[in-house]
Amino acid sequence: MKPRAPAAAPLLLALAIALLGSGCTGGVEGTPGAVGLRDPYFPGLGNGGYDVTHYGLKLDVDPAAGRLRGTATITARATQHLSAFHLDLAGLDVESATVEGEPAAVNRAGKELTIRPAASVDDHMREGRTFTTVVRYSGSPQAITDADGEEEGWLRTADGSVALGEPTGSLAWFPGNHHPSDKAAYDIEVTVPDPLTAVSNGQLVARRTEDGRTAYHWRTTEPMASYLATVAVGRFTTEQARTPDGIRLFTAVDPESAAASEDVLARIPEVLAWSRARFGPYPFTSAGAIVERTGDVAYALETQNRPVFPGPPDTGLLVHELAHQWFGNSVTPKTWRDMWLNEGFATYAEWLWAADHDDVPVQESFDEAYDSDANWAFPPARPPAAPDLFDPPVYGRGAMVVHRVRLAMDDDKAFFALVRGWTAKYRHGNASTDDFTAYVEEETGRDLSGLWDAWLYGGSRPAREG
Ligand code: ARG
Ligand code: ZN
C-alpha cells in the first residue's frame with residue numbers, strides 16, 4: 001500500500017494536470033490524442049484524434065545490410081484539438097520529427113511515438129484542420145511474430161525483402177495510424193541498388209536511376225488500410241499490361257518462380273472479369289501480383305492491387321487474393337473482429353470459382369466445410385483471441401455464413417445483386433459485422449436473426465438443413 005498523502009496533495013496534483021491539459025504551461029491548447037483505438041484484439045493499435053489522408057514514404061533500402069533510411073510525410077486531419085498525438089512504430093531509430101515544418105518533440109515508448117507539436121503551430125492542430133508531420137527514421141526493420149505465430153513486418157528474402165502487414169506488421173517499416181479503420185492514399189518511393197527492383201502498391205508513376213541506384217515511385221490514390229501496404233525488393237521479372245477495360249496490370253515474379261507462374265498469372269484479366277460479374281466493378285485502377293521465390297515467405301497476402309504470393313499460386317489462391325480486393329481492401333473491416341467479412345467472402349469466391357470451372361457444386365464445398373470439425377472451434381464473428389484470427393472458422397465457417405444467406409434469398413440473381421450492393425455501399429470504406437447483418441436484413445426485408453444466431457454467433461454446429 002502507498003503511504004497516505006496529505007489531503008491537499010491530490011487536489012494540487014489534479015490542478016497541475018488540469019493546467020497542463022489546458023495548455024497553460026506551454027501555450028498549446030487541446031488534449032492529447034488517444035494512444036489506441038480500442039480494437040477488440042489489439043487495443044493499442046492505431047491512434048486517436050486524427051485521420052490520415054495521405055502517406056508519403058521515401059525509403060532508401062540497403063538489402064545487403066538489411067537497413068533502410070526513411071522519411072514519412074503524413075498528412076492528417078485533426079478530429080479533436082490536439083496538444084499531442086501518437087504514431088505506431090516498432091523498432092527503428094527516429095531521428096527527428098516536424099509538424100507543419102516546425103521541430104516537434106518526439107517521445108518513444110515501445111511501439112508508440114508521441115509527437116508534441118511546437119506551440120507556434122497550435123492553430124493547425126484544431127479540430128477539422130489538416131496538418132503535416134514529417135518523421136525521419138532509419139535502422140534495420142524487423143520481422144514481427146504475429147499472435148498466431150506467423151512472421152510479418154519486414155521479411156528478408158534471398159535477394160531482398162518483402163513487407164507484409166496483416167494484422168499488425170506495417171508498423172515495422174513506417175510510422176502511422178496502423179489500424180484498418182484509418183485508410184489513406186499513399187505515395188511510396190523506394191530506392192534500391194541495381195539490378196534489384198522495388199515493387200509496391202498502385203501505379204508506377206516514376207523511375208529514376210542515378211549512380212547505380214534506382215528510385216521506384218508507386219502511387220495509390222484509392223484509400224488503403226496500412227496492413228495492405230507492401231514493398232517487395234528483389235530480382236524480379238516484371239510485366240506491364242492493361243485489361244480490356246483499362247485496368248493497369250503489373251506483375252513482378254522472382255525469376256525462379258517465373259516459369260511456373262506464367263499460365264496462372266495470364267489468367268488475372270479473366271479472374272477479374274469473372275469476379276466483376278459477381279462482386280461488382282473492380283474497385284481499383286491497378287492490379288497484378290508479386291510472386292516470391294518458394295521458401296522466402298510463408299503465406300499469401302492480398303496486399304492492395306498486387307497480392308503477394310509465397311510461390312507460384314494455383315488458380316484457387318489467385319481467385320482468393322483477387323476476391324479480397326473487393327472484400328477486405330475496398331470494403332475493409334472496422335475492427336479485426338470483422339475479419340470473417342474478408343476471409344468468408346474470399347473463401348466463398350473460391351467455392352464459386354470451383355463450381356463454375358471445376359464441376360464442384362457450391363453445396364459440395366459447403367458440405368465439406370460443414371463436416372470439418374476445425375470449422376466449429378468458435379463462431380466466425382467472435383474469434384476468442386488474437387491468435388485465432390486466421391483460424392478455419394473465420395475462413396470456412398465465414399463462407400458457410402455467406403452460403404446460408406444465399407439459401408435464404410429468393411434466387412441467385414437476388415443473391416448476387418445483394419453482394420454487389422454490399423460492395424457498392426461500403427466501397428473504399430469500412431464495415432462491421434453489424435453493418436453486414438443490418439444491410440442484408442434491410443435489403444431482403446426479413447428478420448434473419450435465426451440465421452445469424454446459428455451460423456454467425458452460435459457456439460455449436462447447427463443442423464445442416466436448419
Ligand atoms: N489474409 C491472408 C489470406 O487469407 C492471410 C494472412 C495470414 N496472416 C497471418 N498472420 N496468419 O490470404
Ligand atoms: Zn484470405
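UniProt positions are given here in the numbering of this model, and such annotations may be inferred rather than shown by experiment. The model itself is predicted.

**Stop 1: the N-terminal annotation**

Select residues 53-228. The UniProt record, an unreviewed entry, labels this span "domain: Aminopeptidase N-like N-terminal". Color by secondary structure: the span is 60% strand and 0% helix. Now pick the two end C-alpha atoms, which lie 15 Å apart.

**Stop 2: strand β3 and its two partners**

Select residues 67-78, strand β3, and show side chains. In a regular strand the side chains alternate between the two faces of the sheet. Here one face carries Leu-68, Gly-70, Ala-72, Ile-74, Ala-76 and Ala-78, and these are buried. The other face carries Arg-67, Arg-69, Thr-71, Thr-73, Thr-75 and Arg-77, which are not buried.

Add residues 50-62, strand β2. β2 and β3 are antiparallel and share twelve bridges. For a register mark, find Tyr-55, which sits opposite Ile-74 of β3. Then go to the hairpin that links the two strands; four residues separate them. One residue to check there is Gly-66, whose phi is positive, near 65°.

Next add residues 130-139, strand β9. β9 runs antiparallel to β3, with ten bridges between them. Use Thr-73 as the marker here: its bridge partner in β9 is Val-134.

**Stop 3: Asp-62**

Stay with strand β2 and select Asp-62, which lies in it. Is Asp-62 buried or exposed? It falls in between: with 15 other C-beta atoms within 10 Å, Asp-62 is partly exposed. The cut-offs are 20 or more for buried and 12 or fewer for exposed. Now draw a C-alpha distance from Asp-62 to Thr-209. It reads 15 Å, across 147 residues of sequence.

**Stop 4: a four-strand mixed sheet**

Which strands make up this open sheet, and in what order? Read across it as β1-β4-β8-β7, with mixed pairing. The edges are β1 (31-32) and β7 (105-109); each has a single partner strand, so one side of each has no neighbor in the sheet. Zoom in on β1 and β4 (residues 82-88): they run parallel, joined by two bridges. Thr-31 has Leu-82 as its bridge partner in β4.

**Stop 5: a five-strand antiparallel sheet**

Move on to the open sheet ordered β10-β11-β12-β17-β14, where the pairing is antiparallel. Its edge strands are β10 (143-145) and β14 (197-200), each paired on one side only. Look along the sheet for the twist, which averages 20° from one strand to the next. Inside the sheet, select β11 (residues 151-156) and β12 (residues 161-164). Four bridges connect this antiparallel pair. Leu-155 has Val-162 of β12 as its bridge partner.

**Stop 6: ligand 1**

Center on ligand 1. It is surrounded by 13 residues, the closest being Asp-146, Glu-150, Glu-166, Ala-300 and Phe-390. Color the shell by residue class: eight are charged, four nonpolar and one polar.

**Stop 7: the second annotation and helix α7**

Select residues 317-455. UniProt, again in an unreviewed entry, gives this stretch as "domain: Peptidase M1 membrane alanine aminopeptidase". The stretch is 63% helix and 4% strand, and its end C-alpha atoms stand 25 Å apart.

Finish on helix α7, residues 392-408. Its 17 residues span 23 Å from first C-alpha to last, close to the 24 Å expected at 1.5 Å a residue. Turn on the surroundings: 13 of the 17 residues of α7 are buried, so the helix is largely enclosed by the rest of the structure.

Note on methods
Residues numbered from 1 in each chain as written. Chains lettered and ligands numbered in written order. Predicted model: local features only at pLDDT ≥ 70, side-chain atom pairs only at ≥ 80, totals over all residues. Pairing = 2+ DSSP bridges. Near = placed C-beta within 6 Å. Nonpolar A, V, L, I, M, F, W, Y, C, P; charged D, E, K, R; others polar. Axes fitted to C-alpha atoms, helices over the stretch in contact; angles between N-to-C directions. Expected span 1.5 Å × (residues − 1).
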